[in-house]
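Subject: The structure I promised you

Hi,

Here is the structure we talked about, ready for you to open. Have a look around, then read on for what turned up.

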Amino acid sequence: MKIAELAALLCYFVLVMTIGVYFFIRSRKSGGTEKEYFLGGRQMNGWVTALSAGASDMSAWVLMGLPGSIYLYGVGQIWIAVGLLIGTITAWLTVAPRLRRYSIVADDAITIPQFLTRRFCTEHKGIMVISAIVFVITYCVYTASSLYACGTLFNTVLGMNPSVAMAIASVVIVIYTFLGGFNAVCWTDFFQGMLMLAALMFMPILAVMMMNFSAGYVQPETVLSANYYNFLSSGQADWKSISEIISGLGWGLGYFGMPHILIRYFSVKSEKEMRKSQIIGCTWFFFILVATSAVGLVGREFLGDKLTASNDESTLVFIDMVRTVFDWIGSAWGMVAIATFCAGILLSAILAAAMSTADSQLLASASAFASDLYKPLFRKNAGDKEMLWAGRLIVLVIAIAAYIIASSPNCSGLMGLVSCAWGAFGAAFGPAILAALFWKRLTYAGALAGIIAGFVVDALWYAFMSAQTGIYEIVPGFAAGVIALVIVSKCTAAPGAEVLAKFEEAKKEQN
């Protein structure tokens, strides 16, 4: 165990805890409301919104899962990054501004299920109940991926038992989410987003410097596959390559249905700040994905075949690069303790990625449970204080469930957990959100059918067809959602005048 690395990680924990306590005290003084706790009162600025959306999206897989896949399998894995880049730019430019306006027009909706219900001016609870159930189930899996990454980090760096590490991370995340709500989550995400970008951009540069200027560096043995640098992993346009391209690009569909990302669009305080967020968010994301890909490719040259034994081992490429480079810097410049502390700061980027996603997921599930399930079905007259405690309770429940999943011997690993949850959300809510924003003929029954069909087909494809076909389950799930909502909407009565009036009002630019 390196004490300086541990000190850096502890400093990071203190920072996020301090932010949570600060916003808790501020909320108590201002008499915090449900809207403030779950949505920051719709007063978030462009910088915080953009980096919070990015950081909550880019979980630890961006520092471990994706670089590990590129390190192990080659350039063909970059299709995931391409799909994500296309998806996030499209979402920022088309979905974000319309969704912000429409959520206000839809009786000031503060959650995705509320928006999908109030858009149709109905009292039916079907979408809210089904959505809340999907949220709780899927977020247990998604949050488990973040805890799994924390366990891997502490086990690798400090030799700590992964289960103990995951328990510590769970407690810290729950405390600052529990206390500070949306403001605390967004501001911690802001700092985490900056840290993630800096770590990913510096690491390949430092590794190249060490390879070129360190007298003690010896090029490790590297045996690359024949098509390692080919965008077609098999070297030709066969089904394997085509399915990987389709699946990689399919990741981009997730952005249209990811609740913890979409809710950021709700919170922007003005159209001016939204335009700022669009520029910052797309730019940050582009550099993150370029840097992530560089870590994987440079890491293979830098580390050789050291981590090629398994998928789980390859996820350590960023960690191994950081420790190797800063060991060299410390020895070369006689500043071992300082270099080790700096290494700990960069390794904190993994914590940042994991925690920024986990806190957002916990808060999104809490808001869905409290606002869309608890209040309308069980306590219609619940006040703000009761709603806040109901949300905090579900934060604790999901954190415990996620810990159990992440620590299970049958856990499918970081990339497996992320892809499973990402596909479920994208297939369930992506078609419904897009149709709700841009198709005025959509009906309530059609939206509900699309959510159910997308989620069910995604789950069934994951269980029975994904391995056989090589196609990521979000693709058929999303297609099924689109087909279901169109057919059911066409077979049910057209929306009334009030619904159409709100649809037209949402097109108008507001302040």
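Let's begin with a quick one: is Met465 buried, partly exposed or exposed? Met465 comes out as partly exposed, because its relative accessible area is 34%, and the partly exposed class runs between 20% and 50%. Keep in mind that this is a predicted model.

To find Met465, go to the loop between α17 (444–464) and α18 (466–469). Met465 also belongs to a nonpolar surface patch of about 440 Å², together with Ile452, Val456, Leu460 and Phe464.

Now for the rings. There are 18 aromatic pairs in the structure. One of them is Tyr217 with Phe302: the ring centres are 5.7 Å apart and the planes are at 5 degrees, so this pair is stacked. Planes under 30 degrees apart count as stacked, if you want to check the reasoning. Tyr217 sits in the loop between α8 (162–213) and α9 (239–250), while Phe302 is in helix α11 (residues 271–303), so the pair ties together parts that are 85 residues apart in sequence. Both partners are buried: Tyr217 has a relative accessibility of 16%, and Phe302 has 3%.

Tyr228 and Tyr229 make an edge-to-face pair, with 5.0 Å from centre to centre and 80 degrees between the planes. What about their exposure? Tyr228 counts as buried at 1% relative accessibility, whereas Tyr229 is partly exposed, with a relative accessible area of 46%.

There is also an aromatic cluster, and it is made up of Trp251, Tyr255, Phe285, Trp422 and Tyr472. Two of its members, Trp251 and Tyr472, show up again in the next stop. Which residues does Ser419 touch, leaving out those up to four places away in sequence? They are Trp251, Tyr472 and Glu473. Ser419 itself is part of helix α16 (residues 413–438). With a relative accessibility of 15%, Ser419 counts as buried, because the limit for that is under 20%.

One last thing to look for is Arg300. Its charged end sits over the ring of Tyr71, 5.3 Å from the ring centre.

If you want a route for your own tour, try Met465 in its loop, then the stacked pair of Tyr217 and Phe302, and finish at Ser419 in α16.

Enjoy exploring!

Conventions
Residues are numbered from 1 along each chain as its sequence is written. This is a predicted model: local features need pLDDT of at least 70, side-chain atom pairs count only at pLDDT 80 or more; totals for chains, interfaces and linings use all residues. Side-chain values use heavy atoms; hydrogens and water are left out. Helices (H or I, at least four residues) and strands (E, at least two) are DSSP runs, numbered from the N terminus. Buried means under 20% relative accessible area, exposed over 50%, partly exposed in between (1.4 Å probe, protein chains only). Contact means heavy atoms within 4.5 Å. Patches are made of residues with over 30% relative accessible area and no salt bridge: like charges are joined within 9 Å, nonpolar side chains (Val, Leu, Ile, Met, Phe, Trp, Tyr) within 5 Å. Accessible areas come from the Shrake-Rupley method with a 1.4 Å probe; for residues, only the protein chains shown count as cover. A salt bridge is a side-chain nitrogen of Lys or Arg within 4 Å of a carboxyl oxygen of Asp or Glu. Rings of Phe, Tyr and Trp (its six-membered ring) pair if their centres lie within 6.5 Å; planes under 30 degrees apart count as stacked, over 60 as edge-to-face and the rest as tilted. A charge sits over a ring if NZ of Lys or CZ of Arg is within 6 Å of the ring centre and within 35 degrees of the ring normal.
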